[in-house]
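Colleague: I would like a close look at a single part of this model, namely the sheet that both chains build together. Could you take me through it slowly, for someone who is new to reading structures?

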Amino acid sequence: MEGMKTEIVKMYYPPAGKMAEILEGGVEEVSGKLCEILKGKGLL
Amino acid sequence: MTKDIFVIAEHRRGEIRDITFELLTKGYELSKDGGRLHTVLLGFQNEKMIDELKPFSDGILNIDDEKLKDFNAEYYQMVLSNLLQEKKPFITLLGQTAFGIDLAPSLATELNMPYAADCIDIEIDKERVYTEKQIYGGKISSRVSLVENWGYMVSVRPGSIAPKEGELKAEVTAITSPLKEEIDYRRFVQYIEAAKGEVDITQAEVVVGIGRGLKEDKNLPLMEEFAKSIGGVLACSRPVVDAGWLSKDRQVGSSGKTVKPKLYIAVGISGAFQHVMGMKSADTIVAINKDPNAPIFTVADYGIVGDLFQVIPKLNEKVLKVK
């Protein structure tokens with residue numbers, strides 16, 4: 001295209017970087033796990 | 001063609017903005033390809049800022065003019081279009097900030113210069129300049145090349161480069177300001193401090209951030225109750241303010257406030273970079289979102305993939321038992 005000054009060379013999924021520790025389980029279980037984690041860190 | 005790198009310094013009320021040091025860090029890296037790194041400082045009575053900037057570049061081009069005391073893109077463009085055409089730097093770096101967004105597109109157009117906006121990285125490969133950008137809310141990255149030219153302009157997203165301490169000793173060169181007459185069609189008038197709200201979210205140790213996942217304002221009491229139970233305050237991403245559910249003083253992000261609490265719980269927030277900019281420095285980040293691919297999970301320490309309307313009531317119940 002005339003006048004175009006930039007060009008997308010490629011598109012890609014960002015490389016996997018840091019990822020949260022996903023708490024697994026049902027609502028009851030993950031809520032309990034999160035509370036324990038936060039309590040352990042002195043945040044509750 | 002020179003390989004010199006120019007960084008346009010950004011300052012406000014006599015203080016250098018953080019983005020300037022981020023740009024200088026990247027500029028230093030790029031200048032190792034055989035160029036010199038110059039800070040371009042437009043302002044008035046710049047001595048204090050010059051002292052602060054000296055360790056970060058090989059040279060400072062200082063344009064000191066009372067008309068440049070406060071940012072006005074019209075004056076900046078007049079000065080920079082002359083300077084860049086004369087000095088012909090290889091790459092000119094600006095921040096993807098209100099300052100850069102106002103200035104860079106118009107300046108690049110005047111100079112007929114390739115311009116890549118909102119980049120998170122820059123690379124020189126065999127005389128070509130490539131930039132990396134995030135698109136689709138950060139879910140996709142793109143590599144962009146700039147067509148061959150004598151110079152290139154790139155604006156860089158704040159927070160994408162970790163600033164490093166400078167170890168250089170810049171030589172200062174005074175450049176005579178080309179500004180002759182006042183312009184009357186656009187003037188800086190004054191700075192207006194944001195109104196203080198009833199809660200200062202920047203001082204809270206626990207912040208519960210809510211996003212558009214809340215769906216409607218009738219769901220706010222659920223979150224208010226949870227925030228209260230956990231000993232925190234309620235904050236939000238921009239869509240919540242735009243919808244009128246919470247006031248602007250609760251907004252976290254690049255167009256809101258920056259918070260650094262001990263605990264930040266992001267509920268129904270996708271994790272757009274504008275929001276992340278304002279909360280990524282929290283000690284511990286928890287994300288609750290039903291989309292397992294939401295970018296917020298790449299920022300959080302702990303995540304729950306689930307429906308907030310099921311998770312929050314149960315979590316609230318558990319928190320109350322523990323407290």
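Modeller: What follows goes through the sheet, then the helices beside it, and then the contact between the two chains. Please keep in mind throughout that this is a predicted model.

The sheet is an open one of six strands with parallel pairing, and its order is 2(A)-16(B)-15(B)-14(B)-12(B)-13(B). Two of these strands form the edges, namely strand 2 (21-22) of chain A and strand 13 (233-236) of chain B, and each of them pairs on one side only. As general background, the strands of a sheet pair through backbone hydrogen bonds, either parallel or antiparallel.

Within the sheet, a good place to look is the pair made by strand 12 (residues 206-210) and strand 14 (residues 263-267) of chain B, which run parallel and are joined by five bridges. If you start at Val206(B), you will find Leu263(B) of strand 14 standing opposite. Strand 12 of chain B also holds Ile210(B). This residue counts as buried because 30 other C-beta atoms lie within 10 Å, where 20 or more are required. Although Ile210(B) and Val267(B) are 57 residues apart in sequence, their C-alpha atoms are 4.9 Å apart in space. Once neighbours within four places in sequence are left aside, the contacts of Ile210(B) are Met223(B), Leu234(B), Cys236(B), Val240(B), Val267(B) and Gly268(B).

One of those contacts, Met223(B), leads us to helix 5 (residues 220-229) of chain B, where Met223(B), Phe226(B) and Ala227(B) are buried. Seen down the axis of helix 5 of chain B, these buried residues fall within an arc of 100°, and so they line one face of the helix. What they pack against is strand 12, strand 13 and strand 14, together with helix 8 (308-322), of chain B. Just after helix 5 of chain B comes Gly231(B), which takes a positive phi of about 80°.

Chain A also brings a helix to the sheet, for helix 1 (residues 27-40) of chain A lies across strand 14, strand 15 (284-289) and strand 16 (302-305) of chain B, and it runs at about 165° to strand 16 of chain B.

Turning to the contact between the chains as a whole, 30 residues from chain A and 34 residues from chain B take part. On the side of chain A that touches chain B, strand 1 (6-12), strand 2 and helix 1 of chain A each supply at least two residues, and the largest share, 10 residues, comes from helix 1 of chain A. By class, this side of chain A has 18 nonpolar, four polar and eight charged residues.

The chains pair in another place as well, where six bridges join strand 1 of chain A to strand 9 (residues 140-146) of chain B, and these two strands run antiparallel. There you can find Glu7(A) standing opposite Ser145(B) of strand 9 of chain B.

Methods: Residues numbered from 1 in each chain as written. Chains lettered and ligands numbered in written order. Predicted model: local features only at pLDDT ≥ 70, side-chain atom pairs only at ≥ 80, totals over all residues. Pairing = 2+ DSSP bridges. Helix = DSSP H or I, 4+ residues; strand = E, 2+ residues; numbered from the N terminus. Contact = placed C-beta atoms within 7 Å. Axes fitted to C-alpha atoms, helices over the stretch in contact; angles between N-to-C directions. Nonpolar A, V, L, I, M, F, W, Y, C, P; charged D, E, K, R; others polar. Buried ≥ 20, exposed ≤ 12 C-beta atoms within 10 Å, placed from the backbone. Arc of directions from axis to C-beta.
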